[in-house]
Protein chains: 2
Amino acid sequence: MIVLKLGGSVVTEKSSRETVAGAELARAADAVADHDGELVLVHGGGSFGHPHAERHGVTTTEGTRDARAVTGVHGAMEELNAAVVAALVERDVPAVPVHPLSVASRDAAGSLSLPVEVPGRMLGEGFVPVLHGDVVVHEGHGATIVSGDELVVALARGLDADRVGLCSDVPGVLDGAGDVVERVAAFEDVADVLGGSGSADVTGGMAAKVRELLELETPADVFDLDGLASFLDGGSPGTRIG
Amino acid sequence: MIVLKLGGSVVTEKSSRETVAGAELARAADAVADHDGELVLVHGGGSFGHPHAERHGVTTTEGTRDARAVTGVHGAMEELNAAVVAALVERDVPAVPVHPLSVASRDAAGSLSLPVEVPGRMLGEGFVPVLHGDVVVHEGHGATIVSGDELVVALARGLDADRVGLCSDVPGVLDGAGDVVERVAAFEDVADVLGGSGSADVTGGMAAKVRELLELETPADVFDLDGLASFLDGGSPGTRIG
């Protein structure tokens, strides 16, 4: 079973508010349609979720009790998710939506709980669950953002994934010269080029991605759209993490 | 804590496809906005979910593995849910959506599992979760319909509700003369007028409602929009069941 994330930078025009990247989404959906085997998809927020989150000052740790903020972020992500699911269903991929706000939550310490009974049963019935970055209820903080990367890690653990793939707008983890690093076995390998754990992107950035993926027992590959078909065919394009 | 269901016949124009009953929804939202205290809302499908379910031949027991059927029913219900949530948020009710497809499922025997961690945490953070009739994955059957009434029973049990209210388009359980029965303590009391357990409405009908509500420890009231404010104020309009 594969957990595959399509980054927000792949499925949306990041510079154009609430705009689906039609051609890129079509390419990604074509690759997924050509694949046989169990698959769970996650996509990021790109130009749908992020502007709403920023406007309301909501991050993975800064919460909100304003239902307008919650429904603003969530509504935009539902719309993007519907577009992703529709692109897949058009190609006869049995994709069905799973909205994290309905099923995931954080405890007071910020630890994410994502019960996998529903996506597990969906896989068992032949469906392809499609999750997304979202806002989730957070004990003592109202609601905070959950990133697609966090969901990937939780799904890979909970569903005991065989492989994890992250398709973003870069061909892998890049070294100082801009070349793709073939393998990252420990964070120290790339700490210099990734600039430590800090990142302006509250829901991830490459440093946070690498740290989280290293904690997984399952190996993970980071690649771009050019590498997606190869990854789904069993290859290891881009950077192998772990 | 109150679990309140707004029937599909209240929030939609049943005879007009995918049409929100604007005036009725506004009245219901006004009554909810005037209420203080913990509340979980559920709404039915009316002219949104039912036509899609019928077209694809999906019921609470007849499943589908067609993602077009799943996303057709679910997408229509997401749209209705967004309208209900928006009407509440406009009135400063901190309403947030919870989509059953993402969190509930049925086992091979058809038994519904609805984990209540998320709605419970939402209540704890001051939000009003708003669920809806939907399609859910069903082990061995693909996906089947879950009715708003089933969700009401599962939520009342799981969250240990103090009161349960069902607001529909009739003022209560009616006797042979068309008058409201004040109390139903056992199904036999009304078996004659309700015509047994059979019903043309696959997701409920009054007989199925009464049977399910009688199984709850929590007393339930069945009333129409004229009784909603009184119910939320602690009154018992319409028919008391249990």
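A salt bridge is here a side-chain nitrogen of Lys or Arg within 4 Å of a carboxyl oxygen of Asp or Glu. The exercises below apply this definition, among others, to a predicted model.

**Exercise 1. Determine whether A:R240 and A:D221 form a salt bridge, and describe where the two residues lie.**

Step 1. The side chains of A:R240 and A:D221 meet at 2.9 Å, taken from N to O, and the cut-off for a salt bridge is 4 Å, so the pair qualifies as one.

Step 2. The pair links distant parts of the chain, since A:R240 belongs to strand β12 (residues 239-241) of chain A and A:D221 to strand β11 (residues 220-224) of chain A, with the two residues 19 residues apart.

Step 3. A:R240 has a relative accessible area of 26% and is therefore partly exposed, whereas A:D221, at 1% relative accessibility, counts as buried.

Step 4. Elsewhere, salt bridges that share partners join A:K5, A:D149 and A:K209 into one network.

**Exercise 2. Examine the salt bridge between A:E117 and A:R121, and state which element holds both residues.**

Step 1. The closest N and O atoms of A:E117 and A:R121 are 3.6 Å apart, and the two residues form a salt bridge.

Step 2. Both residues lie in helix α6 (residues 117-124) of chain A, where they are 4 residues apart, about one turn of the helix.

Step 3. With a relative accessible area of 35%, A:E117 is partly exposed, while A:R121, at 17%, counts as buried because the limit for that class is under 20%.

**Exercise 3. Characterise the salt bridge between B:R68 and A:D92, and say which elements hold its two residues.**

Step 1. The side chains of B:R68 and A:D92 meet in a salt bridge with an N to O distance of 3.1 Å.

Step 2. This pair crosses between chains, running from B:R68 in helix α4 of chain B to A:D92 in the loop between α4 (67-90) and β3 (95-97) of chain A.

Step 3. B:R68 is partly exposed, at a relative accessible area of 39%, and A:D92 is exposed, at 59%.

Step 4. A search of the whole structure finds 22 salt bridges over all chains.

**Exercise 4. Describe the surroundings of strand β7 (residues 134-138) of chain A, beginning with how many of its residues are buried.**

Step 1. The strand is mostly covered, with 5 of its 5 residues buried.

Step 2. Strand β4 (residues 105-106) of chain A runs parallel to β7(A) and is joined to it by 2 bridges, and A:S105 has A:V137 as its bridge partner.

Step 3. Strand β8 (residues 142-146) of chain A pairs with β7(A) in the antiparallel sense over 5 bridges, and there A:V136 has A:T144 as its bridge partner.

Step 4. The hairpin of β7(A) and β8(A) has 3 residues between the strands, and in this hairpin A:G140 takes a positive phi near 85°.

**Exercise 5. Work out the strand order of the open sheet in chain B, and identify which helices lie across its strands.**

Step 1. The sheet has 4 strands in the order β5-β4-β7-β8, with mixed pairing.

Step 2. Its edge strands are β5 (112-113) and β8 (142-146) of chain B, each of which pairs on one side only.

Step 3. Helix α4 (residues 67-90) of chain B lies across β7 and β8, running at about 145° to β7(B), while helix α7 (residues 148-158) of chain B lies across β4, β5 and β8, at about 80° to β8(B).

Note on methods:
Residues numbered from 1 in each chain as written. Chains lettered and ligands numbered in written order. Predicted model: local features only at pLDDT ≥ 70, side-chain atom pairs only at ≥ 80, totals over all residues. Heavy atoms only, no water. Pairing = 2+ DSSP bridges. Contact = heavy atoms within 4.5 Å. Axes fitted to C-alpha atoms, helices over the stretch in contact; angles between N-to-C directions. Buried < 20%, exposed > 50% of the residue type's maximum accessible area, 1.4 Å probe, protein only.
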